[in-house]
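Colleague: Please choose one residue of this model and take me closely through its surroundings. Then work outward to whatever packs around that part.

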Amino acid sequence: MKISVVIPTLNEEESIGETLDMIPRTDDMEIVIVDGLSKDRTREIAASKGARVVEEKRKGYGRAYKTGFKEAKGDIIVTMDGDTTYPAELTLDLVKQLEEEKLDFLSCDRIKKADKGAFTGTHALGNWVLKVTMNILFGMGLNDSQTGMWVFKKSALKHLTITSDGMPMSEEIKIEVFRSKNVKAKEISVPYRIRVGDKALNTWKDGIKNEIFLFKKRFTPGSLGPGEEF
Ligand SMILES: Nc1nc2c(ncn2[C@@H]2O[C@H](COP(=O)(O)OP(=O)(O)OP(=O)(O)O)[C@@H](O)[C@H]2O)c(=O)[nH]1
Ligand SMILES: [Mg+2]
């Protein structure tokens with residue numbers, strides 16, 4: 001197996017089918033859906049589109065990804081939401097770029113090329129504050145600290161300490177990757193579309209949690225608990 005596309009889902013029946021249809025398929029690719037016990041038809045639809053469905057009843061976006069990474073059999077992992085926002089149709093092009101540029105990790109910035117209306121005003125402001133905080137606290141220079149589209153070699157995971165089970169896992173993986181001497185990483189910009197289906201994100205609550213996480217990770221990393229073993 002060469003490529004594992006890993007997608008966490010929680011009640012995405014309106015959009016998971018369309019998301020999966022956008023992914024160009026090859027024989028050496030698997031699609032792993034990590035479902036948080038959706039109460040709708042998400043799992044059924046994903047399975048009918050040829051995805052392998054893994055159930056992760058423990059809550060959280062980060063928890064779902066950590067489980068998905070362990071389940072992934074591919075050498076290269078591609079991630080995205082199950083809500084049609086990310087350019088799933090570029091999956092193979094992004095993998096090609098990772099290989100051609102001999103990178104270990106590509107982080108796909110959504111902000112620069114986002115469709116009009118893809119971010120609400122508060123969402124855009126929150127993203128900006130989180131990005132600036134991360135860049136200052138960790139000496140980084142990313143344009144999008146919250147993107148959920150990453151393309152990376154599974155082997156890079158052994159160099160990372162991922163503690164978060166929640167939404168902060170998205171910023172945590174970038175902090176780990178871009179500060180690691182062992183991981184060659186780059187940020188590129190990709191299109192980003194308006195979401196299909198109801199949002200799970202609570203802009204204020206998640207934004208504040210993400211902001212607090214950045215300070216803990218910077219100043220009291222011991223309080224975050226051990227990293228996951230991959
Ligand atoms: N398994 C699992 N998946 C989750 C959980 N929370 C969110 N997800 C999925 O993770 C992905 C990201 O969540 P979203 O709600 O899209 O978060 P977001 O992209 O920050 O917010 P939007 O702008 O509203 O799309 C989606 O595919 C969700 O269905 C969870 O607790 N468990
Ligand atoms: Mg989303």
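**Around T42 and outward**

Modeller: Let's start with T42, which is in contact with T9, N11, E12, E13, I16 and D35, leaving aside its neighbours within four places in sequence; contact here means C-beta atoms, placed from the backbone, within 7 Å. Before we go on, this is a predicted model, so local features need pLDDT of at least 70 and side-chain atom pairs count only at pLDDT 80 or more, while totals for chains, interfaces and linings use all residues. Residues are numbered from 1 along each chain as its sequence is written, with chains lettered from A and ligands numbered from 1 in the order in which they are written.

T42 lies in helix α2, residues 42–48 (helices are DSSP H or I runs of at least four residues, strands E runs of at least two, numbered from the N terminus). T42 counts as buried because it has 25 C-beta neighbours inside 10 Å; the cut-offs are 20 or more other C-beta atoms within 10 Å for buried, 12 or fewer for exposed, and partly exposed in between. Its C-alpha is 5.6 Å from that of E12, although T42 and E12 are 30 residues apart in sequence.

One contact of T42, T9, leads us into β1, where T9 shares a side with I3, V5 and I7. S4, V6 and P8 are on the other side, and both faces are covered; seven of the seven residues of β1 are buried. Strand β1 runs parallel to β2, joined by seven bridges, and V6 has V32 as its bridge partner in β2.

These strands belong to an open sheet of seven, ordered β3-β2-β1-β4-β6-β5-β7 with mixed pairing (two strands pair if DSSP finds at least two bridges between them). β3 and β7 stand at the edges with a single partner strand each, so one side of each has no neighbour in the sheet. Neighbouring strands are turned against each other by 25 degrees on average, direction ignored. Towards the β7 edge, β5 and β7 run parallel with seven bridges between them, and S107 stands opposite E187 in β7.

Now for what packs on the sheet. Helix α4 lies across β1, β4, β5 and β6, at about 135 degrees to β4 (axes are lines fitted to C-alpha atoms, for helices over the stretch in contact, and angles run from 0 to 180 degrees between N-to-C directions). Helix α3, residues 61–71, is largely enclosed by the rest of the structure, because nine of its eleven residues are buried. Among them are Y61, R63, Y65, K66 and F69, and the buried residues of α3 pack against β1, β2, β3, β4 and α6.

Helix α6 in turn packs with α7 at an angle of about 35 degrees, with axes 10 Å apart. E171, E172 and I175 of α6 make that contact with N210, F213, L214 and K217 of α7.

Finally, the largest nonpolar core has 55 residues, and V5, V6, V78 and V151 have the most contacts inside it; such a core is a set of buried Ala, Val, Leu, Ile, Met, Phe, Trp, Tyr and Cys residues joined through C-beta atoms within 7 Å. V78 touches I3, V5, T91, L94, V95 and V151, not counting residues up to four places away in sequence.

How values were computed. Contact = placed C-beta atoms within 7 Å.
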